[in-house]
Amino acid sequence: MRDTRESRLLLVLLVAIAFALITVDIRGGEDSPLDGARQAAASVFGPVEDSVASAVDPVGNAVAAVRESGDRHDRIRRLEEENTKLKQRLGSDDRNRARSAELDKLLRTAGAGQYGIKGAQVIGIGAAQGFSWTVTIDMGSDDGIRRDMTVINGDGLVGRVTTVGASTSTVLLAIDPDFTVGTRMEGSGELGFATGRGDRSLHVQLLNGKARIKKGDRMVTFGSQADKPFVPGVPVGKVVRVDPTGGDLTRTLQVRPYVQFSKLDIVGVVVQPPRDNPRDTVLPPKPAKPKPTPTVTVTANPSATATSPAANRS
């Protein structure tokens, strides 16, 4: 329709009529004269509204689905958080079980050597006093810890206490280059001195250059006078190499320590030495040698009654 003066007047007239009808319908309420017309319109446009509603319902369902999807995401998030917490608790339980097993092993070792110990936990690693290989434990003078006490774990010799504070102490590890301990070979009793070499095997020098030593032989601490800094009988390690003597008066060995120093956690400080030297009794039992499997050889047995051709002719 062209935009003319007549069309604009018609539009204004239609709007005025619409407002008049709305006013009459509102004032009439249920007795409105337009009620019949409204019902007729409803009967005409009802099917159209149903069709439109059917078309719009999927959109509404989609909106509801999005809203429910958000709820599902919230539930999934909460479940994931609960799962994470559960895993953390399980991880903590695993650590507790590992520590409990380590403590049990420590107590068995202390019992075998009759060492009076106080259990401690490693809480720091580093050069507290300028040493290269030290750890800090959570026990000090308030707990009865003193300088030059032997430190062990369930596997064997860890080190010795060097510095003591009120609630913490520094332990010099057996692998430190400044660490030296007297040793005794299992069985033969050959004496020597073990020195740390960092992350390499211990260097052990036997006093007897003619001692018969082989790979796999084991050794323990010899012990110190008045049991400080070392009590006797603590497992030290196993021989992994025997160096040639070369005519020297002493013999040099390479020994792998029993203790895994990179995994230290629970240790025991020996506060009471044993009454008697335990010698080799603290060493773990040697693994049983595998029994040889019997073999049966079956050979063909030639017939003893073979008949010669001459006998057949006769």
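Reader: Is K286 buried or exposed in this model?
Author: The model is a predicted one. Exposed means over 50% relative accessible area. K286 has a relative accessibility of 57%, so K286 counts as exposed.

Reader: Which residue does K286 meet in a salt bridge?
Author: The N to O distance of this salt bridge is 4.0 Å. K286 lies in the loop between β12 and α3, and its partner lies in the loop between β6 and β7, so the pair ties together parts that are 100 residues apart in sequence. The partner is E186.

Reader: Which residues are linked with E186 in a network of salt bridges?
Author: One salt bridge of E186 is the one with K286. The side chain of E186 also meets that of R218, at 2.9 Å from N to O. R218 lies in strand β9 and E186 in the loop between β6 and β7, so this pair ties together parts that are 32 residues apart in sequence. The residues linked with E186 are R218 and K286.

Reader: Is R218 buried or exposed?
Author: Buried means under 20% relative accessible area. R218 has a relative accessible area of 8%, so R218 is buried.

Reader: How does E186 count by relative accessibility?
Author: The class between buried and exposed runs from 20% to 50%. At 24% relative accessibility, E186 therefore counts as partly exposed.

Reader: How many salt bridges are there?
Author: Side chains of opposite charge can pair when their charged atoms come close. Among the pairs here are R218 with E186 and R99 with D265. The count of salt bridges comes to 7.

Reader: How many residues apart in sequence are the parts that R99 and D265 tie together?
Author: The closest N and O atoms of R99 and D265 are 2.9 Å apart. R99 counts as partly exposed because its relative accessibility is 33%, while D265 is buried at 16%. R99 lies in helix α2 and D265 in the loop between β11 and β12, so the parts they tie together are apart in sequence by 166 residues.

Reader: In helix α2, which backbone oxygen lies 2.8 Å from a polar atom of the side chain of T109?
Author: T109 is placed in helix α2, residues 35–113. T109 counts as buried because its relative accessibility is 11%. Leaving aside residues up to four places away in sequence, T109 touches Y115, N153, G154 and V282. The backbone oxygen at 2.8 Å belongs to G154.

Reader: Which backbone oxygen lies 2.7 Å from a polar atom of the side chain of S169?
Author: S169 is in strand β5, residues 169–173. With a relative accessibility of 1%, S169 counts as buried. Beyond its neighbours within four places in sequence, the contacts of S169 include V135, M139, G140 and V164. The backbone oxygen at 2.7 Å is that of M139.

Reader: In what order do the 6 strands close into a barrel?
Author: The pairing in the barrel is antiparallel. Neighbouring strands of this sheet are turned by 40° against each other on average, direction ignored. Two of the pairs are β7 with β8, over 4 bridges, and β8 with β11, over 5 bridges. The order is β6-β7-β8-β11-β10-β9.

Reader: Which residues of strand β8 form its covered face?
Author: In a regular strand the side chains alternate between the two faces of the sheet. In β8, residues 202–206, H203 and Q205 form the uncovered face. Q205 is the bridge partner of F193, and L206 that of R251 in β11. The covered face consists of L202, V204 and L206.

Reader: Which residue takes a positive phi in the hairpin of β7 and β8?
Author: This hairpin has 6 residues between its strands. The phi in question is near 70°. The residue is G198.

Reader: Which residue in β10 stands opposite M219?
Author: Strands β9 and β10 pair in the antiparallel sense over 3 bridges. M219 touches residues that include V204, V236, G237 and L253. The residue opposite M219 is G237.

Reader: How many residues does the largest nonpolar core have?
Author: In soluble globular proteins, nonpolar side chains tend to be buried together. Among the residues with the most contacts inside the largest core are Y115, M219 and L253. The largest share of this core, 4 residues, comes from strand β12. The number of residues in the core is 45.

Note on methods:
Residues are numbered from 1 along each chain as its sequence is written. This is a predicted model: local features need pLDDT of at least 70, side-chain atom pairs count only at pLDDT 80 or more; totals for chains, interfaces and linings use all residues. Side-chain values use heavy atoms; hydrogens and water are left out. Buried means under 20% relative accessible area, exposed over 50%, partly exposed in between (1.4 Å probe, protein chains only). A polar contact is a pair of N or O atoms within 3.5 Å; within protein, one must be able to donate a hydrogen and the other to accept it, and residues adjacent in sequence count only if both atoms are side-chain atoms. Contact means heavy atoms within 4.5 Å. Two strands pair if DSSP finds at least two bridges between them. A nonpolar core is a set of buried Ala, Val, Leu, Ile, Met, Phe, Trp, Tyr and Cys residues joined through side-chain atoms within 4.5 Å. Axes are lines fitted to C-alpha atoms, for helices over the stretch in contact, and angles run from 0 to 180 degrees between N-to-C directions.
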